[in-house]
Structure formats: C-alpha cells, structure tokens
Amino acid sequence: MNNDIPLTAEDIAEIVSIIEASPYRELDLATRRFRLRLARADGADAGFTQEWQWAGSAPEAAAAEAVHAADPDAVGAPLPGTFYHAPQPGAPPFVTVGDVVGPETVVGIVETMKLMNPVHAGRAGTVADIIVPNATMVAKGQPLIRLA
C-alpha cells in the first residue's frame, strides 16, 4: 500500500512557515514520489529557497496512464477518495452525457483528506457515460467517466 500523502501548495507553505519559526536552517523531505529541500537564505531577505524534484512522473499522470491502457475511453480517478459530479451540493454537474470536453475540462472532483482535487478529462471527446454515481468512494485509477 502506498502511504504517500499528496502535498498541495498550501501544505508546502505550512511547512515553510514551520521551518521559518524553527532554529533549523534546512529541511530535506524525501518520499518515493518526490524530494523537497528547503534551505534558509542568509542576508537581509532571509527566507527559504525551495527545490522540488519528482522521483518519477506525477502520481496523477501515472494513474491516468494506467486507466488509459486498460480502457482508452475512460477517465480515471487520479487518487483515492470520494468522487463528486458537482463543485458543491445543489450545483449543476461539471459535465453531463453529451457534453464536449477538452483535455483540461474538469469532469469532477475527488475529495481526499478534506482536499478537493479536480479531475481533468485528459483528452478531447464527448462524454458518453458517467460510470460512478455522485458521492461514491473510488480507488486510484478507477474509471469515472467514459469519453467517445
């Protein structure tokens, strides 16, 4: 089981603020997916420099590639969580059957650990089927919608 937790820009900002308040000059955080190094700068503009290094491809890209290999017409969940069709209860869904989408079109969101992660279509097409019902728990890579 992969125990890596996806980090957001907000997570990184929180890490930086914690380190800025600490007596330590550097932080080196490494997981199987990435390595993050923070180093306190010297001088009047003391702060931190940040360096990201992905260990491989982004997890979302890897999940999308795996789903595409199994079902080329499916858009899969980039990570495990709860899949939602709309940005909030009562709002219209991001997409419906028959909608034309582009690669960057948001087709839903997956909530993981109280974070809302957009799911992009990944390619152009027409929504042929919405496979997963609203507010359903999904696994990483699970097909969510099918494009034609």
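Okay, before anything else, one definition: I'll say two strands pair if DSSP finds at least two bridges between them. And keep in mind that what's on the screen is a predicted model.

With that in hand, take β4 and β11: they pair in the antiparallel sense, over three bridges. One of the contacts to look at there is Gly76, whose bridge partner in β11 is Pro143. On to β9, which covers residues 125-130, and β11, residues 143-147: those two also pair over three bridges, in the antiparallel sense. Asp129 has Arg146 as its bridge partner in β11, and Ile130 has Ile145. Hold on to Asp129, Arg146 and Ile145, please; I'll come back to them.

So what is the strand order in the open sheet? Reading across, four strands run β4-β11-β9-β6, with antiparallel pairing. The edges are β4, at 74-76, and β6, at 100-101; each has a single partner strand, so one side of each has no neighbour in the sheet. As general background, strands of a sheet pair through backbone hydrogen bonds, either parallel or antiparallel.

Now the core. The largest nonpolar core has 16 residues, and the ones touching the most other members are Val107, Leu144, Ile145 and Leu147. Which elements give two or more residues to this core? Those are β7, residues 106-112, and β11. The most comes from β11, with three residues. Generally speaking, nonpolar side chains in soluble globular proteins tend to be buried together.

Let's zoom in on Ile145. Setting aside residues up to four places away in sequence, Ile145 touches Asp73, Ala74, Val75, Val107, Val127, Asp129, Ile130 and Ile131. Val107 is on that list, and Val107 is also one of the core residues that touch the most other members.

Next, charges. How many salt bridges does the structure hold? Two. In one of them, Arg123 meets Asp73, with the closest N and O atoms 3.3 Å apart. Arg123 sits in the loop between β8 (115-120) and β9, while Asp73 sits in the loop between α2 (59-70) and β4, so this pair ties together parts that are 50 residues apart in sequence. Are these two buried or exposed? Arg123 has 26% relative accessibility and counts as partly exposed, and Asp73 is partly exposed too, at 35%.

The other salt bridge brings back two residues from the sheet: the side chains of Arg146 and Asp129 meet at 3.8 Å, N to O. Arg146 is in strand β11 and Asp129 in strand β9, 17 residues apart, and the pair links distant parts of the chain. Remember that Arg146 is also the bridge partner of Asp129 in β11. On accessibility, Arg146 comes out partly exposed at 28%, and Asp129 is partly exposed at 33%.

While we're in the loop between β8 and β9, let me point out Ala124, which is found there as well. Not counting residues up to four places away in sequence, Ala124 touches Val101, Gly102 and Pro103. Ala124 and Thr105 are 19 residues apart in sequence, with their C-alpha atoms 8.6 Å apart in space.

Last stop: Thr112 and Pro80. Thr112 is in strand β7. Its relative accessibility is 14%, and the cut-off for buried is under 20%, so Thr112 counts as buried. What does the side chain of Thr112 reach at 2.5 Å? The backbone oxygen of Pro80. Leaving aside neighbours within four places in sequence, Thr112 is in contact with Leu79, Pro80, Gly81 and Asn117.

Pro80 itself lies in the loop between β4 and β5, the latter being 81-84. Unlike buried Thr112, Pro80 is partly exposed, with a relative accessible area of 43%. Beyond residues up to four places away in sequence, Pro80 touches Val110, Glu111, Thr112, Val138, Ala139 and Lys140. For Lys140 we also have a distance: Pro80 and Lys140 are 60 residues apart along the chain, yet their C-alpha atoms are separated by 4.5 Å.

If you want one strand to look at again afterwards, I'd pick β11. In this predicted model, β11 pairs with β4 and with β9, gives the most residues to the largest nonpolar core, and holds Arg146 of the salt bridge with Asp129. That's my tour.

Methods:
Residues numbered from 1 in each chain as written. Predicted model: local features only at pLDDT ≥ 70, side-chain atom pairs only at ≥ 80, totals over all residues. Heavy atoms only, no water. Core = buried A, V, L, I, M, F, W, Y, C linked by side-chain atoms within 4.5 Å. Buried < 20%, exposed > 50% of the residue type's maximum accessible area, 1.4 Å probe, protein only. Contact = heavy atoms within 4.5 Å. Salt bridge = Lys/Arg side-chain N within 4 Å of Asp/Glu carboxyl O. Polar contact = N/O pair within 3.5 Å; in protein donor to acceptor, adjacent residues only side chain to side chain.
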